[in-house]
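Biologist: Please take a close look at one part of this model, the first domain and what it touches. I would like one connected account.

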Amino acid sequence: MEGEQIKTIRLGFLGAGTVGGGTLDLLARRSEQIARSIGVEFDVRRVSVRNPSRPRDVAIDPSILTTDAWSVVDDPSIDVVVELIGGESPASDYIERALRHGKHVVTANKEVIAKYGAELLDLANHSNVNLFFEASVGGGIPVIGVLRHDLIANEITSLRAIINGTTNFILTAMEQGRDYAEALREAQRLGYAEADPSNDVDGVDATYKLAILSTLAFRTNVHPDQIEHVGIRELRQKDFQFAAGMGYVIKLLAAADVGPNGIEASVRPTMIPTDHHLANVKGVFNAVLIDGDQIDKFMLYGRGAGARPTASAVVADLCAVAHNLQRNVIDRVEIVHQHRPIVDFGDTRSRYYLRLQVTDQPGVLAQIARVLGEHEISIASVMQHETDETAGVAEIVIMTHQAAERAMAAALGLMRTLAVVHEVSAFIRVER
Ligand SMILES: NC(=O)c1ccc[n+]([C@@H]2O[C@H](COP(=O)([O-])OP(=O)(O)OC[C@H]3O[C@@H](n4cnc5c(N)ncnc54)[C@H](OP(=O)(O)O)[C@@H]3O)[C@@H](O)[C@H]2O)c1
């Protein structure tokens with residue numbers, strides 16, 4: 001780039017928390033390298049926060065700090081708005097107005113992109129600006145760019161992902177013998193889980209991310225409300241032991257497939273074989289496994305969150321905007337090409353693991369097998385693991401063959417009414 005004029009691109013930041021602070025710090029440290037590589041320097045003009053007097057890890061010139069985010073969005077001197085506030089509102093309003101004003105937008109906001117990504121991308125196309133959101137899924141893993149650009153010549157048929165580091169940390173600890181409450185406390189102590197961990201442990205965060213990935217991969221708008229999701233709160237230590245004995249680990253699996261009747265998408269605790277590509281993704285790490293008709297299987301693995309990895313993705317997006325601005329083009333990848341129906345989750349099929357507390361007496365298994373049989377669910381294996389003779393209660397673990405979710409739910413409902421069934425303690429999908 002020597003000899004060429006360095007162009008200045010003016011940035012307005014909304015948010016300077018974990019990711020915003022990390023991005024400002026990275027931009028400051030790598031400005032020379034970026035200028036040399038792409039011939040651009042970034043000038044941070046304004047930064048809006050909630051509390052300007054809050055101590056921050058990164059030094060921000062007080063004269064550019066404001067509490068008025070609209071003043072950043074409406075500032076005509078700003079070329080790119082970097083939205084790092086999070087949450088649906090008011091972030092989505094800021095992004096929309098910035099795009100209407102003809103500003104490029106870079107965001108890490110999974111909730112806004114999952115719920116309104118298709119409309120916002122349309123708006124960006126109409127306004128002739130770029131909307132980039134690499135940091136919204138997988139932190140430092142560049143999966144959005146891979147789906148948007150690198151795999152464009154593929155028909156993608158399946159996605160399997162571990163895309164929530166908090167739950168993967170908890171499940172890894174449970175695999176190692178900890179119980180749920182203890183593992184959650186440890187995650188909170190290390191800063192991997194928030195004081196209110198609901199969004200993570202109930203599978204909401206992973207659902208937003210799967211909606212974004214599925215929309216890009218299958219070129220069909222998949223809304224988070226169309227994705228069945230179940231969290232990890234109900235998992236018990238015992239199930240990890242039984243799973244290990246049968247050659248499985250339990251993961252919060254985000255799964256989406258194109259089937260004959262449309263797209264099947266869910267986020268659920270799932271048993272996956274120990275030799276599965278995702279079985280060794282441990283702790284806070286994330287991974288995305290993609291099946292494309294040209295590439296076959298392809299996996300991305302890395303840190304799914306944290307200031308540094310996420311800032312790396314935000315800065316990459318800023319450089320992509322800068323690159324496009326220099327060539328006077330925009331990234332006009334039309335992501336929603338076709339309408340494919342989303343399959344009702346009740347119609348999807350899986351194998352299942354069941355753990356039941358039953359009365360320890362002859363004929364009980366026959367009653368359970370009859371209920372399953374009436375719903376066309378066949379049993380692959382049954383194990384009686386331990387019996388509390390004094391209480392007269394036995395614990396049985398059943399693995400089924402493939403069955404429809406609706407039939408399984410109906411069979412479980414009926415089983416709960418049987419006098420001999422004390423409790424259905426676990427009900428977990430088993431990956432093919
Ligand atoms: N943290 C991660 O590892 C990670 C990874 C991937 C993606 N993301 C995404 O990145 C985004 C930011 O996350 P974060 O972890 O950096 O959040 P954070 O640490 O809570 O930071 C949020 C920032 O936004 C500011 N803010 C909040 N409400 C505002 C408002 N109404 N107007 C202006 N500023 C406001 C806060 O101001 P104060 O500083 O004054 O409080 C703070 O600077 C989210 O969309 C998140 O999902 C985060």
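Modeller: The account goes from the whole chain to the domain, its core, the ligand and one residue of a helix.

This is a predicted model, in which local features need pLDDT of at least 70, side-chain atom pairs count only at pLDDT 80 or more, and totals for chains, interfaces and linings use all residues. Residues are numbered from 1 along each chain as its sequence is written.

The protein has 13 helices and 17 strands; helices (H or I, at least four residues) and strands (E, at least two) are DSSP runs numbered from the N terminus. Its C-alpha atoms fill a box of roughly 85 × 45 × 35 Å along the principal axes.

The domain assignment gives domain 1 (7-139 + 307-327), domain 2 (143-303) and domain 3 (349-430), with bounds that come from an automatic or database assignment. Between the C-alpha centres of domain 1 and domain 2 there are 27 Å. Their contact takes 14 residues from domain 1 and 17 residues from domain 2, where two residues are in contact if their C-beta atoms, placed from the backbone, lie within 7 Å. On the domain 1 side, helix α4 (residues 110-127) gives the most, with 7 residues. By class, that side has 6 nonpolar, 4 polar and 4 charged residues; Ala, Val, Leu, Ile, Met, Phe, Trp, Tyr, Cys and Pro count as nonpolar, Asp, Glu, Lys and Arg as charged, and the others, Gly among them, as polar.

The largest nonpolar core has 123 residues, and L210, L213 and V314 touch the most other members. Such a core is a set of buried Ala, Val, Leu, Ile, Met, Phe, Trp, Tyr and Cys residues joined through C-beta atoms within 7 Å. Beyond four places in sequence, V314 is in contact with V19, T23, V82, V106, A108 and A135.

A108 is also among the closest of the 25 residues surrounding the ligand, together with G15, G17, G86 and A305; a residue is near the ligand if its C-beta atom, placed from the backbone, lies within 6 Å of it. Helix α1 (residues 18-38) supplies the largest share of this shell, 3 residues. The shell divides into 11 nonpolar, 11 polar and 3 charged residues.

Q326 is found in helix α11 (residues 307-327). With 14 C-beta neighbours inside 10 Å, Q326 counts as partly exposed; 20 or more would make a residue buried, 12 or fewer exposed, with C-beta atoms placed from the backbone. Leaving aside neighbours within four places in sequence, Q326 is in contact with K7, G39 and V40.
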